[in-house]
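Visitor: I am new to this structure and should like to understand the terms used to describe it. May I see it before we begin?

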Amino acid sequence: MAQLQKLHEQVKSLIDEINSLTSEKTFNTIFFFENINISINFHSAGACFNELINWSYALFIEVCGPNIKFFEERMKINGKMGDYLTVPKLVHTIRTTTSHNLDWTKPADLSKKNFTEEWYNQTINKPQPNSDQDYDICSEAILNLVLEYLNALRDCITMEVDNEFFEEVLLKEWQRRNDRHFSNYEFECVLVEVLGQYEIDIYLDATKITKREIDKWRLQIKDLKDGFEFNTEAARIITRYILEQKYSPVDQKDLLDSGAEKGKELMNLHNIITKEFYNNPRSKTELIAWAKEKNLF
Amino acid sequence: MYEEIIKRLESGPAVLMLGQKYLSLETGEDIFLKMISKKYNSQNFEETYKSVLDWEITEDANTVFSWMYKLSKSIPIPEWINSIAKIPWSAVYTSSYDTILNRAFESDTRSVQPISDEKYRVSDPRDKINLHITYLFGAVGEVDVNLRPPLKRSEYLRRRAVVNNLLNRLPTIISPKGVLIIDGYDFEDELPLDDLATVLYNLGSGQALLCGAQSFLENEIIRDLVESGKLLTYDGMFSELLSQWVVNDQINIYDPTDEYYLGRWLTIPEKRINIPQEVYNAISKTATIVDDEIFMESINEIDEVEDFRRFLSSSNATPAWFGYPKNYAFKREQYEILMQNVLERKKDNELKDVPIIVHGQTSSGKTTSLGLLAFELRTLHQYPVLYIEKRYQKVDETEIDKFCNWLEINGAKKTVIIWDGMQDRFYYEGLLKKLNTRGRNVILIGSCYSTLEILENTNTLGLVEWPIDLSAKEKSEFQKFIKNFVPLISNIISGINESNFLAMMYRYIPEVKGNIFRGLAGEYDFFTDILLTKTLTTDYKTSQLYDAMQAAGFEIEQDMLTLNMSTEMGQEMLTLADQLIFCVMVPGKFGLNVPFELLLQIIGYDAFSTSLFKVLNEVNIIKWYEVGPGELLLGPRTALEAAILSKYLGKVDVEVSIIKLLLRNIRLNYGQFGEPSYQIQFAIDLLDKIGPNSENSPYKSYFFQIAEELKALRETGYAYHPRLILKEAFFLRELVKKTGDEMLGGQNRQELLDRAASIVKNALEELASFPEKSIKMFLTVELASIYGTKAVQFAKSGNVQLSKQAYQDLRDLLSIGFASNPENYGALDVIGWSTLDLLEDEIFTEEEKFDVQSDLAYLFESAEVEAVSERNEKRFDDLRLRFNDLIKNDEVAESVFEKLKADGHASGFFMRAKYITGLSKPEDNDFYEKNLQVFRYLDENFTFIKNDNKCLFLLFKSWWFVKTHSTFFSTEKQTLPFSQDDWSYCLEILQRLEAIEINFSTTTLYIKAIAQFHLGHYRDARESFTYLETETSYSFYGRRRIKKFYLASNSDGTPKKYSGQIRRNVSVAMNDKRGMILIPDIDQEIPFLLYDFRQSSYQRGDRIGSLYIAFNFRGPIAIES
């Protein structure tokens, strides 16, 4: 564990170094990584590994804005190669496989499972970690990869800031991408406003919906020409999603908890309740009560 | 509004055209242009690409472009391009010249090939995996000065011609199926609107979309294009439109990126393995890997009947994998036999050289059944399966070998290769042999027609017949099977007296629910009716049919022609509509689909052909097939339908006219002489179906006409290709041999043969530096056959001198060594039949006769030792029998013998020695005694025979038998009881033989290497083995190459024991089963295989106290003692 803690400290110090470097070279306009609010429990091997995965996921996906993506292309141009380049995807895949309920009959989900098992196989010679030692080895492997990645990233940034076209070409575009990057919170605010227009904001969980759809919304914003007004465009995009009438205060897990049975019928039941919600908006409890009253389960 | 565009984007070919404004689309500022303006636009000209030509840049061009290249590299890829790059584009065109697009479109799953040069050879212009990006004005990264962007007006004008040539390719690449998306283009582009519009006018309606079109809407040309339906417009960026389509689920684009990262997986009994992208990409040009996900495609809530129909209709070229888990494939009775054959090969190594061949008529359900076989082998037995569909592109044997090797390294015991190639069965045997020589463990299943040759040899191992008719039991099973999907049809079938499998499948199953099939004849009428209403447009004169009409004497007025205008073909009047249909149906009845480019060449690319091809989509009588990464083909739905429709043509004359029309329009647009091309492959396949070796005799009387068509192709240079030359020569030779004078087109036989010889000789000369051996071998054998035919023709007309001269030409061309190589059996055959014919015609003097006889006997002897392949065994036996019959009473008279001897010929000795052994075989009791006599006889006369390869070989062969009591290569792991003197004698004879023999013989080289090893000449032995290994790689020697025939031996005939030390860790678990072991006694490291020692691992330094050394064609190898 001490070794893991030491590695994690090295990672954090490298993050600080990258942040200082980019702040200085971008005249304090870009701060590469925001803070991560996930603490690591270095007392339990299994928990430590899971938290390290979540922590790394936050690092590569949540707190870096568009910066990691922007430098991915630069790293390739600068000839950075190696397994470490795919560590953001690796972390993402392990997190998906371990934290989500995946359906192995679907090719995409099965591939993720195969991929994760293959990584474990190569790391600990078995498809799943099942001892403290296994988890420690996996944690160390992830931290080493993250370190390698960050080292390469720092080197790449150092090279790029020396590029004769840095300020006029690269920095300009980098800043532009940061300007066009909108946080989950900004999208969520627009969502709440749109839901309010339809008077359903009090029933639906805006944070959950945002988390689910944010990638698609961002993609559509990204395809717009410069000069757009974020609130207007985001509202336009989000409204289209709301009009599909697919969000409901009740999810399938709520129904299972309330006594519904698993299987094909569960989906039908959920669809009926969702439809009812849009006909007559009300809370989760009321909708479940309505369904029971109608003897739907 | 954009539904048609979306559909075309999904089905492809999709082509993107990006104008010079593309970098400013998102931000309004073109950073590339801005930066170069800042540096070079000292006189403040307008900041456009057009104005760059006026900037008068004086700096050295190399410096300018090197700077621009660096700048390009520093510009990040616009984010919107990343979005549109997910589309599997078939090609990208651009008038920009920075190099950002290369990066933007290159990914883990797609490489990029920039093209700035019109002369650059594009073998597959629609390749989605190796995407071609055409830089109309060159690119800043180009080294060649002519391929860089123009910086001066003069350079621009010079480049315009190249631009137009490159643009002219666009309509063909797009084809009537595809779509062109234009973005980032405006009036300031260096590409003039007129040039772009010319391309657009050549496309069909709904085939092009212009984005950012607002500024063009007042333009007359654009308005006309829009009004005529050819061009659709959108004011915004294409990425915005695409994003809307994606969000609204209007478009379905397959993005392989995630799949690449997460990997493709293949589960084999031992484990699950990840297929690396480079392995996947390399093999996917040749074959489909039947991986873990291939059967997992699922379409939710689709009508089952439609889904079933989709399965049936897509099974003509490639199995529709999604249907197998849903039990859509009807299991024929023969299927179990087929499966049994495969499973037997898993256990039985004796069948390793024998492919399984499924033979039957077209449309007997072979493709569906082979797909089912792949499905069951994967899902029930977890065999790794590689599937090769019928295609004209070359099947790359090296890539198959590499893939199988990769699988074996990863633990697969055997790979199943299913090749639905409808090839001659010997192609499959050839491939299997070659893979076996490489040491691969493969079970090969192929498909072919039931030829006469096959029907005469139905007992041959591995042949499985696939009859077109259903048995009574099958019919009843079929009825139950159909009932699962369409109960009503099942009732209809029970009352129909029809046992044809295809008819069952296609005639009685509605195309879509509720639409009872209208019958083939009805469809044909409907189709021709539609075609006949089409009017030809003003651009028609580009087409071949236009020429045909003019040649037929029609006065063609613009806008006056319709497709019901008829032209004479084979003394029948055929409408143009019919010509198009039959250009597809005639090859279609032989199971051949027609390359799109070929039909385009016939019809001509213009608006007429576009609407014509559009009708094809509407009526469905002719189908589009896309094979491999970009090969577009048109074919009938089934070969049987094509055969039925072809009968509408009536006489064979008309059919041959269609075949000639197709051949006449074969084009080779690129490539080194001899390089593969799928139009050529189509022509070859078509010629095979109607040629002298086919079962289709009605075409025999048209051979001269066909040969004349090939001559025209050759002479015009439209399709000058050695494989067509080979065919032309073959048709001519067969004409001379087998037809009457009335079929020779008024020419005499010798003239035709001279023409054949001359074209083949020229082709051989041109191929001198061509790397591939096989085409040269075929041409050489063909030339020899022509000489042989000439010799026989001269002999028959009594012209002995000319006959002998032609025979001498033949013998000069083919050496015994060449002809005895099993790969060149054709050469042996030619020498055989021509020599025997001439011996029967008695053109030789007595001395010549014995020379010729002894040569032939020696050739047979050598070929036997080198092992004639199974496919040729019968022909070989027939030749030998004929020879033996001819010489059995023909002893060498003493006077002739003495004369030969006095002249320095050893043929007399050879023939007398041969008479001693006669026809006796190794299993005969007196075989040893006879060999002893032969050896003594030749040894006594060594002075006379020492410079004669035939006698030396016979001496060596008899010596070997006397010493070992066995023939060469009789069993595996045999010891050799030779003293050092024996080995020295052996080596001396072999070196002598090698010095005389012109061509390589594996037997002598292999034994020579073993002798060198036993004599302690290890370095020489290694050199000999290296040469042998190289020469026999990818050859017809099959398993013989890797069999361990002999062991290092003591003189008493016991195997010699060695000890050794392992040089590095090897382990089955790590899939590293081949290691090296140091043998101190010979001071050499030699390879070993773990399984030969029955060990799962060794580590470096392990000592093996006792082992033997065996020899295969690759060299010494350690085995367990």
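Guide: A salt bridge is a side-chain nitrogen of Lys or Arg within 4 Å of a carboxyl oxygen of Asp or Glu. Please note that this is a predicted model.

Visitor: What makes A:R177 and B:E79 a salt bridge?

Guide: The closest N and O atoms of A:R177 and B:E79 are 3.8 Å apart, and the limit is 4 Å, so the pair qualifies. A:R177 belongs to helix α7 of chain A and B:E79 to helix α5 (residues 79–84) of chain B, so this salt bridge joins two chains.

Visitor: Which residues does the network of salt bridges with shared partners include?

Guide: The network joins A:E173, A:R176, A:R177, A:R180, A:D226, B:E26 and B:E79. Within it, B:E26 pairs with A:R176 at 3.2 Å between the closest N and O atoms.

Visitor: Why is B:E26 called buried?

Guide: Buried means under 20% relative accessible area. B:E26 has 3% relative accessibility, so it counts as buried. A:R176, at 11%, is likewise buried.

Visitor: Why is B:R664 called partly exposed?

Guide: Its relative accessible area is 35%, and partly exposed lies between 20% and 50%; therefore the term applies to B:R664. Its salt-bridge partner is B:E709, which is buried at 10%.

Visitor: Why are helices α5(A) and α6(A) called roughly perpendicular?

Guide: Helix α5 (residues 107–124) and helix α6 (residues 132–161) of chain A pack at an angle of about 100 degrees. Angles of 65 to 115 degrees count as roughly perpendicular, so α5(A) is described as roughly perpendicular to α6(A).

Technical notes: Residues numbered from 1 in each chain as written. Chains lettered and ligands numbered in written order. Predicted model: local features only at pLDDT ≥ 70, side-chain atom pairs only at ≥ 80, totals over all residues. Heavy atoms only, no water. Axes fitted to C-alpha atoms, helices over the stretch in contact; angles between N-to-C directions. Helix = DSSP H or I, 4+ residues; strand = E, 2+ residues; numbered from the N terminus. Parallel < 35°, antiparallel > 145°, perpendicular 65-115°, else oblique. Buried < 20%, exposed > 50% of the residue type's maximum accessible area, 1.4 Å probe, protein only.
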